[in-house]
Amino acid sequence: WAVTGSGGCGKSRLVYEFTKKLENDSWQVYWPQTLNDNDLNNLNITNSKTIIVIDYVQAYAHIIGKWMENIAGKERVFPLRILLIERDGSNLNDCSWGNILQKEMCRPNYVMEFCWKNNFLQLVPLSDEDLLNIIKQYANWKNKKLNPSEDKKLLNTLKTIDPDLYRPLYALFISDAWSNGDKPEYWDRKQILQYVLDKENEYFQEKLYQITKRKPRLFNILQEIRVIATIKRNLTLESLKKDYIDIWNDLEKQINQINDLESIDDLFYQLGIYDYHTIFALRPDLIGEYFVLMYLKNNEKYNLLFIDNWTNNYEISEFINRLIIDYMTDLKELDNFWKLFFDFNSNIQLSAFYCISLVNITFFNSIYCKKALETLKIIYFMTTIPAVAILYAKGLLNLSCHYPDECKNCIDELKALSDKFPDQIDIAIPYSNGLVNLSCHYPDECKNFIDELKAL
C-alpha cells in the first residue's frame with residue numbers, strides 16, 4: 001500500500017506519526033535510509049509484527065519489485081506490512097513508478113494478490129481551518145500570538161505562493177518567518193525558500209564554528225558533500241571515499257589540521273548529519289532540492305549532478321525529475337543545466353526516469369517542450385517499446401496544447417502510435433484527448449474527429 005501526494009504535503013510526517021503508534025503496539029518498524037539489493041533482504045522480518053516503510057520509491061523501484069516478489073506468499077508467524085511513500089498515483093496501475101516496480105517482477109499478478117486492494121491514501125490540500133491551526137499553533141510554540149487579521153494575511157500568503165496545493169510545509173515556513181519578526185506576507189515563494197535555506201546554512205555554519213573554529217575551506221567542502229548526499233538521498237562514507245576521492249582527500253587534509261577531532265566520522269556526527277556510516281540528505285525534500293539548485297547555480301558545479309552515465313542512474317535521474325516538477329521556473333534560467341540534460345549518450349541504457357522527466361518538461365515548460373519531445377522521439381525510435389511509446393504519446397499531447405498550430409501534426413503522430421499499439425489504452429487516451437482538442441481548433445472538421453473518437 002502507499003501514501004501519495006505532492007512534495008511538502010505531509011506524507012512522511014503522517015507516516016512517521018503512524019509508525020510511532022505502531023511501535024507502542026509492539027510493532028517493529030524499519031525505515032531504510034539507503035537501499036541496495038542486500039538492504040531489504042537482510043531485514044529481520046520473522047520474529048515480530050513488522051512494518052517496512054520505503055520512501056522515494058521511484059528511485060528504488062527496480063530493487064523493491066524484485067524483493068516484493070521474493071517475499072510474496074511466504075508463510076510467516078507474524079504479520080508483515082509494506083508501506084510505500086511517493087508523489088503520484090491512486091494505485092499501482094496509474095502511477096509513474098508502478099510500471100517500473102512491476103516490470104522487475106516475473107509474476108506481477110501473483111505478487112499483487114498479496115497487496116491491499118484499496119486505493120492508496122492520496123493526501124489532498126487541507127481546509128482553511130486546518131491550515132490556520134497549523135500557522136497559529138506553530139506561532140504559539142514560538143511564544144507568539146497571531147490576531148485574526150494577521151493569521152488571515154498569512155493564510156492568503158500561503159495561497160499566493162503555493163496556489164492549488166496549500167502545502168502545510170509552506171504554512172510552517174511562513175509562520176516561522178512571522179514569528180521571527182519578518183514580513184512574509186510581502187514575500188514570494190523564492191523569498192520564503194531562501195529564508196529557510198539561509199537559516200539552515202547559518203545553523204550549520206555555527207555548529208561547524210563551535211567544533212572547528214573558523215575554517216571557510218572546510219565549510220565549502222562540507223557543503224559540496226551535503227549537496228551530493230541530498231542528490232543521492234543519503235551518502236555512505238564508503239561511497240564518498242570510493243566515488244569522490246578528490247573531495248575525500250581535501251576533507252582528510254582539513255580534518256588533520258584540527259586537533260580535537262578524532263576522525264571524519266566524528267566531525268559528521270558532531271554536526272548532527274551522520275549516523276550508521278551515512279551522511280544525511282538535507283530534508284525536507286523541497287528545501288533539499290532548493291539547496292542543491294542554488295548551490296549548482298551559484299557555483300556552476302553541474303558535474304555533481306550530471307555524472308558519467310547519469311541517465312542510467314536511478315537516484316540521480318529521479319532527483320532531476322523532482323527538480324523539474326518542483327522548480328521548473330528556476331531551472332528555466334540555467335542554460336548549462338539544460339545543455340547537460342539533453343546531452344545524453346545514445347549508446348547506454350537509459351533509465352525510465354529520463355523519459356519521464358522529458359514528458360514532465362513537455363507538460364511544465366513550453367520553452368523546452370519541443371526539444372524534450374524531439375529527444376523522446378529519438379529514444380522511441382531507438383527502442384520502439386510500448387513503455388516509451390506511451391511516454392512519447394503523452395509528450396505529443398502536451399506539445400499540441402502548448403502549440404495549437406502544431407496540433408494536427410501531433411495528432412497524426414498519435415494516430416500512428418495508436419495504430420501500432422492498438423491494445424495500449426495509455427496511448428489511446430492521449431490520442432482521444434488530442435482529437436477533442438483538434439475538434440475545438442477546427443470546428444469545420446469536427447465530424448471527422450468525432451468519427452475517429454467513436455472508432456477508438
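These legends accompany three close-up views of a predicted model. In this model, local features need pLDDT of at least 70 and side-chain atom pairs count only at pLDDT 80 or more, while totals for chains, interfaces and linings use all residues. Residues are numbered from 1 along each chain as its sequence is written, and side-chain values use heavy atoms, with hydrogens and water left out.

**View A. Helix α3 bends at isoleucine 63.** Here α3 covers residues 57–71 (helices are DSSP runs of H or I, at least four residues, numbered from the N terminus). Its end C-alpha atoms are only 17 Å apart, whereas a straight helix of 15 residues would span 21 Å (1.5 Å times one less than the number of residues). The bend is about 45°, taken as the angle between axes fitted to the seven residues ending at a residue and the seven starting there.

**View B. The surroundings of α3.** This helix is largely enclosed by the rest of the structure, because 13 of its 15 residues are buried (under 20% relative accessible area, with a 1.4 Å probe and protein chains only). Look just past the helix for glycine 73, which follows α3 and has a positive phi, near 80°.

**View C. The lining of the largest cavity.** Among the residues to find here are Tyr56, Arg233, Asp285, Glu289 and Arg322 (lining residues have an atom within 4 Å of a cavity point, on a 1 Å grid over the protein atoms alone, where a 1.4 Å probe fits but cannot get out). α14 (285–299) and α15 (314–331) each supply at least two lining residues, and α14 gives the most, with 3.

Terms used
Buried < 20%, exposed > 50% of the residue type's maximum accessible area, 1.4 Å probe, protein only. 1 Å grid on protein atoms, 1.4 Å probe; cavity = no way out; pocket = protein on both sides within 12 Å on 5 of 7 lines; lining within 4 Å.
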